Amino acid sequence: MNVATVDWLILGGLFLVLLGMAIWINSKCRSVADYLVSGRKVRIWLGMGAGIAGEIGLISIAGMCEQGYMRGFGFVLIATMSMLIMTPLFGIFGFGIERFRASKAMSVPQYIEMRYDKRLRIMSGFFNSFAGVLQMSIFPIVGAGFVRVLIGAPEVAFSLGELGIKSDWIIMGILLTCACIFTFLGGYITLIVTNFFQMIIIMGAFYWLGYNLISQIGVQELWSSLEREHGLSAVYPFTGAEGGYTVIWFLWSIMMGILLQFSYGPYLQKYASMDRPRTASLSYLVGSLFGNGRTFVIMGLGVAALAMMGSGQPEGLDVTDTAWGSMATPYFLAQHVGPIMMGILLASLLFSDISTTDQYILSWSTSIVNDCICPFKKTPFSPRAHIMAVRITIIILCVLFFLFGLIYTPTMPIWEFLWSCATVICGTGIAMLFGMYWRRASTAGAYAAILTCLILTVLDLGARQIWVYRGHEPSDYYWRPEEGAFTIFMTAIVLLVSISLMSKGPTKFWDLGKTVRDMNKGKQA
Amino acid sequence: MNIGLSMLDPCLGLLTPFTDPSLEFWSPVIFWYVAIAAILCGVFTLVVIVGGIFDLRFLFKALNEEVTDETDDGRVSTEGPDSSGGEGA
C-alpha cells in the first residue's frame, strides 16, 4: 500500500479530535428541533462553511476528477452559464428558499401537508425518501473504489474459504461506520459544527495538493498538455462531438437545478436550519459565487493526471476505458503524493465522505420518520422517542447501504442512475414551486405532478433496460435521457396547471412573502 | 435601415466565439477564469473560517439560552399553518 505509518497517525489523530468534538456537542442537543435543524440557529458563515463540506462528497470528488481527466475544463462554461441564471434567482431574490424557511417546515413533505394535504405528504415523503435513499446507496461503494486505488490496496483483501473479501467492502464499511457515528451523535448540531472543521481540512488539503502538483508540472506544461490531448473541447463544451452537451441538456440541467432547490431534502434541511430566510439566500449567493473555484481546483487534479500520464493506460493495467477514466486520478495521486501529504489527503477524503453522507442520511432519516411514520401515530412521539426513531433509521439505512454495496454491479452509467432518481424527486419540486407562488395550485394538481414524474420516469427507465436487454446500444435509444426528463417535467407542469384550473373550491395557499419580510426584519423568530 | 444594422454589428460580434468557437479565443479565457476563480475561492475560504468561528460562538450561546418547544417536531397543527393568512383561491 502507498500509505506510511505517519499517514495513518495523521488520519487517526484528526478523526479522534473530531470524534471528541462530536461527543461533547451531543450534550448540547435538547430537543427534536435541535437534533433535526440545529434549533434554527445557524448563521451565514457557519452555514456556508458546513455547506462547503456537505457539498464536496467523495463521489463528487471522484466525478470531478474524472471530468477533469476525460474532458478537461469543458464543463467550466456550462457551470458559469448555469451560475448566471441560478445565482440571481436563489441568491438575490431568494426564490422559494426564503419562503420555505419562513414556513418553519423541517422537511419538504411537511410543507406539502401545510399547503395541500396529509395524504400527499405521506406519498411525497415515501417517494422522495425512496428515490433519495436509492440514489445515495451507490455513494459509499463508488467512494470506496476511489480510496482503494489511491491507497493502492489489492482488489481482494483476503479470502474466507471460497469467498474473496474485497477491499472496497472493507473501506465502505469504515466510511459508513464513521458517518453513522457522527450523525448518531447530536444530529444536525454535530453535523454543522464538525462539517465546518472538516471543511477546513478538506479545503486546506486540496489547495496544498494543487499547489504542489502545479509546482511539479508547471502551469505552461499543464495547459499545453490539456490543449494537446483534448483540443477545443478541453475549454469549450458545445463542440457538437458525439455524446457532447446540447441545448436541451443545458435547459434540462437548469430546470432540474431549480426544481431540486425546491424538493431535495438535504438542501432544504440546510435552509430550514438557518436563523432567518435572508440567511438562506445569502448563503446560496456567496456560496455559488465562490463555489466554482473549489470545483475547478478539484477538476484540476484530473487535468494534472492527464498532463503527467497522458490519456492512455499505463502498461500492466487492463481495464475498460470507462473504468480507467474514473481511476486515473487516484492512480496518478498514488504515484505522486508523498508521506504526510497522503495522510492529510486521506483525512480530507474521509471527512468529505462523512460530511456529505451524514447530511444526506440525516435528511432522509428525518423524512422517513417525520413524513412516513409520524403521520400514522395517533399520539405524537415524545422528544426522546422521536430522536431515537431517527437514530434507529440512520443505523438501518447505513446497513442497507452496506448490503447494497456488496451486491452492486453497474448496469447503467452512474449519472443516468442519479438523474433518474432526481427526476422522481423533482415532481415534489413542481408541487412546491407552484404551491408557494400560485394561489390556485390545487391538491389534485399536485398529485398529478408528483405521480407523473414518478410513473413516467419508471416507464422510461424500464423501456431503456428492455432496449439494452434486446441487444441494442443504450446510445441508439429513441431519445437521450435528458430529453426524456425534460419532457417529463413539462408534462407534469402542464398537468398541474390544467388540473388546478379545472379544480373548484378553496386551496390552503397563504402569503409566505409577508412572513419572509417580517422574519427578515426580526419581527418573528 | 443600414444604420440600424451596422449598430447591431458589435452585438452580433459578441456571439462569434459561440457561433465560430476557436481554441485561440477560449483557451486564455477559460485559463484566466479558472485561475482567478480558484484564487478567489481560496481567499473566500479564509473569510468563511473566520466568520464561522464567530458564528459557532453564537450557536452555542443560543443553544444554552434556548427555551425548547416540544411541539416543534415536524407535525402540522390541525388549525393550519397560518389561520390569519389562509384563504381560498
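These exercises work through salt bridges, a nonpolar core, one buried aspartate and a chain interface in a predicted model.

**Exercise 1. Salt bridges across the chain**

Task: Find which side chain pairs with Glu55(A) in a salt bridge, and where the two partners lie.

Solution.
- Step 1. Start with the total. A search of the whole structure gives ten salt bridges over all chains.
- Step 2. Take the pair. Glu55(A) meets Lys270(A), with 3.5 Å from N to O. The cut-off is 4 Å, so the pair qualifies.
- Step 3. Place the partners. Glu55(A) sits in helix α3 (residues 44-55) of chain A, and Lys270(A) in helix α14 (residues 265-272) of chain A. They are 215 residues apart, so the bridge links distant parts of the chain.
- Step 4. Check exposure. Glu55(A) has a relative accessible area of 43% and is partly exposed. Lys270(A) is at 13%; because buried means under 20%, it counts as buried.

**Exercise 2. A second long-range pair**

Task: Classify Arg278(A) and Glu98(A): is each one buried or partly exposed?

Solution.
- Step 1. Confirm the bridge. The closest N and O atoms of Arg278(A) and Glu98(A) are 3.1 Å apart.
- Step 2. Locate the ends. Arg278(A) belongs to helix α15 (residues 277-309) of chain A, Glu98(A) to helix α6 (residues 97-102) of chain A. The separation is 180 residues.
- Step 3. Read the accessibilities. Arg278(A) has 24% and is partly exposed. Glu98(A) has 8% and is buried.

**Exercise 3. A further pair and a network**

Task: Describe the bridge between Arg480(A) and Glu482(A), then name the residues that shared partners join into one network.

Solution.
- Step 1. The closest N and O atoms of Arg480(A) and Glu482(A) are 2.8 Å apart.
- Step 2. Arg480(A) is partly exposed at 28% relative accessibility. Glu482(A) is buried at 4%.
- Step 3. Turn to the network. Glu55(A), Lys270(A) and Arg294(A) are joined by salt bridges that share partners.

**Exercise 4. The nonpolar core**

Task: State how many residues the largest nonpolar core has, and which element gives the largest share.

Solution.
- Step 1. The core has 192 residues. Those with the most contacts inside it are Phe73(A), Tyr111(A), Phe206(A), Phe351(A) and Ile430(A).
- Step 2. Helix α17 (residues 341-373) of chain A supplies the largest share, 15 residues.
- Step 3. Look around Ile430(A). Leaving out residues up to four places away in sequence, Ile430(A) touches Leu259(A), Ala449(A), Cys453(A), Phe489(A), Ala492(A), Ile493(A) and Leu496(A).

**Exercise 5. Asp168(A)**

Task: Which side chain makes a polar contact with that of Asp168(A)?

Solution.
- Step 1. Asp168(A) lies in helix α10 (residues 167-184) of chain A.
- Step 2. Its relative accessible area is 15%, so Asp168(A) is buried.
- Step 3. The partner is Arg148(A), at 2.7 Å.
- Step 4. Beyond residues up to four places away in sequence, Asp168(A) touches Ile141(A), Ala144(A), Gly145(A) and Arg148(A).

**Exercise 6. Chain B against chain A**

Task: Characterise the interface by area, pairings and composition.

Solution.
- Step 1. Count residues. Chain B gives 47 residues and chain A gives 62 residues.
- Step 2. Take the area. About 4,900 Å² is buried between chain B and chain A, 72% of it on carbon and sulfur atoms.
- Step 3. Count pairings. There are zero salt bridges between chain B and chain A. Seven residue pairs are in polar contact, both residues at pLDDT 80 or more.
- Step 4. Assign elements. On the chain B side, α1 (2-19) and α2 (23-65) each give two or more residues. The largest share, 28 residues, comes from α2(B).
- Step 5. Sort by class. The chain B side has 27 nonpolar, twelve polar and eight charged residues.

Note on methods. Residues numbered from 1 in each chain as written. Chains lettered and ligands numbered in written order. Predicted model: local features only at pLDDT ≥ 70, side-chain atom pairs only at ≥ 80, totals over all residues. Heavy atoms only, no water. Helix = DSSP H or I, 4+ residues; strand = E, 2+ residues; numbered from the N terminus. Buried < 20%, exposed > 50% of the residue type's maximum accessible area, 1.4 Å probe, protein only. Core = buried A, V, L, I, M, F, W, Y, C linked by side-chain atoms within 4.5 Å. Contact = heavy atoms within 4.5 Å. Buried area = accessible area lost by both parts, 1.4 Å probe. Polar contact = N/O pair within 3.5 Å; in protein donor to acceptor, adjacent residues only side chain to side chain. Nonpolar A, V, L, I, M, F, W, Y, C, P; charged D, E, K, R; others polar.
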